[in-house]
Amino acid sequence: MEKLFTPRLELVPFKLELVKAAIKGNAELGSLLGVQVLPNWQDEEFFADLPILVDILRQYPLQGEWGWGSLIIHQAENTLIGHVTVKIIPDDTGSPSGSLEIGYHVAPSYRRQGYASEATKAVIDWALSQPTVQSVTAGCDRNNIASKRVLEKTGMQLVETREKILVWKLGKTASVK
């Protein structure tokens, strides 16, 4: 994955070096990126899973090359405000299947301002421009109205309703709004 820019955001690939810095703490990550890092740019579960991400990025070459999505930097404030996850879904052999799963988190003080939609759309646009990617999926809690709105704004379509989760998808043949 490459560094992406939107009118308000810089999206920096969350590659191995940055994951290792995040494990050491926000001060280390901020120093490496040259930005201020909000303490809640991501939730506690994400921070707990960082050592697992190191293993995944080392084990799967394409995931390592792309990183675990992108860090969301607010350009005007030079501040890390969130993350868009990009998980390459493997086939039965462990090779990339042509499908990706995305997720997103924006710090509470930056929510309801369109940052999640702006960042997620940019990442989806980039992903679907890659020759090997055919579709992008996402899941959200059926009661999370804000998350559903983000997925609608990015052009994703609701394709499945599970007990507590809604599954969304956007394929290469669909156009992103």
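In which strand does K87 lie?

1. K87 belongs to strand β5, which covers residues 79–90. The model discussed here is predicted. With a relative accessible area of 35%, K87 is partly exposed. Between the C-alpha atoms of K87 and L9 there is a separation of 21 Å, and the two residues are 78 apart along the chain.

2. Helix α5 takes in residues 115–128, 14 residues in total. From its first C-alpha to its last it reaches 20 Å, close to the 20 Å expected at 1.5 Å a residue. Of these 14 residues, 12 are buried, so α5 is largely enclosed by the rest of the structure. The buried residues of the helix include Y115, A116, S117 and A119, and T120, A122, V123 and I124 are also among them. W126, A127 and L128 are buried as well.

3. E118 is a charged residue in this helix, and it is buried because its relative accessibility is 17%, where the cut-off for buried is under 20%. The side chain of E118 meets that of R8 in a salt bridge, at 2.7 Å from N to O. This pair links distant parts of the chain: E118 sits in helix α5, R8 in the loop between β1 (4–5) and β2 (9–13), and their positions lie 110 residues apart in the numbering. R8 has a relative accessible area of 30% and is therefore partly exposed. The contact thus joins a buried glutamate to a partly exposed arginine.

4. How many salt bridges does the count come to? The total is five. As general background, side chains of opposite charge can pair when their charged atoms come close. The next two points take up further pairs.

5. E152 and R149 form a salt bridge through their side chains, with an N to O distance of 3.1 Å. Both residues are in helix α6 (residues 145–153), and they are three residues apart, about one turn of the helix. E152 counts as partly exposed at 36% relative accessibility. R149 is also partly exposed, its relative accessible area being 43%.

6. Another salt bridge pairs R162 with E160, and their closest N and O atoms are 2.9 Å apart. R162 counts as partly exposed, at 45% relative accessibility. For E160 the relative accessibility is 35%, which again means partly exposed.

7. Which residues form a negative surface patch? The patch consists of D43, E44, E45 and D49. E45 lies in helix α3, which runs over residues 44–59. At 59% relative accessibility, E45 counts as exposed, because the cut-off for that class is over 50%.

8. T173 is placed in the segment after β9 (165–171). Its relative accessible area is 86%, so T173 is exposed. The C-alpha atoms of T173 and E45 are separated by 34 Å, and along the chain the two residues are 128 residues apart. E45, as noted, is one of the residues of the negative patch.

9. Two residues deserve a check of their backbone angles. N78 has a phi near 50°, a positive value in a residue other than glycine. N78 is located in the loop between β4 (70–74) and β5, and it is partly exposed, with a relative accessible area of 36%. R112 is not a glycine either, yet its phi is positive, at about 65°. R112 is found in the loop between β6 (96–106) and α5. At 84% relative accessibility, R112 counts as exposed.

10. Where is G34 found, and what is its C-alpha distance to N78? G34 is in the loop between α2 (26–33) and β3 (36–37). At 47% relative accessibility, G34 counts as partly exposed. G34 and N78 are 44 residues apart in sequence, and their C-alpha atoms are 8.1 Å apart in space. Both residues of this pair are in loops: G34 between α2 and β3, N78 between β4 and β5.

Key
Residues are numbered from 1 along each chain as its sequence is written. This is a predicted model: local features need pLDDT of at least 70, side-chain atom pairs count only at pLDDT 80 or more; totals for chains, interfaces and linings use all residues. Side-chain values use heavy atoms; hydrogens and water are left out. Patches are made of residues with over 30% relative accessible area and no salt bridge: like charges are joined within 9 Å, nonpolar side chains (Val, Leu, Ile, Met, Phe, Trp, Tyr) within 5 Å. Accessible areas come from the Shrake-Rupley method with a 1.4 Å probe; for residues, only the protein chains shown count as cover. A salt bridge is a side-chain nitrogen of Lys or Arg within 4 Å of a carboxyl oxygen of Asp or Glu. Lys and Arg count as positive and Asp and Glu as negative; His and the chain ends are not counted. The place of a charge is taken as NZ of Lys, CZ of Arg, CG of Asp or CD of Glu. Helices (H or I, at least four residues) and strands (E, at least two) are DSSP runs, numbered from the N terminus. Buried means under 20% relative accessible area, exposed over 50%, partly exposed in between (1.4 Å probe, protein chains only). The expected span of a helix is 1.5 Å times one less than its number of residues.
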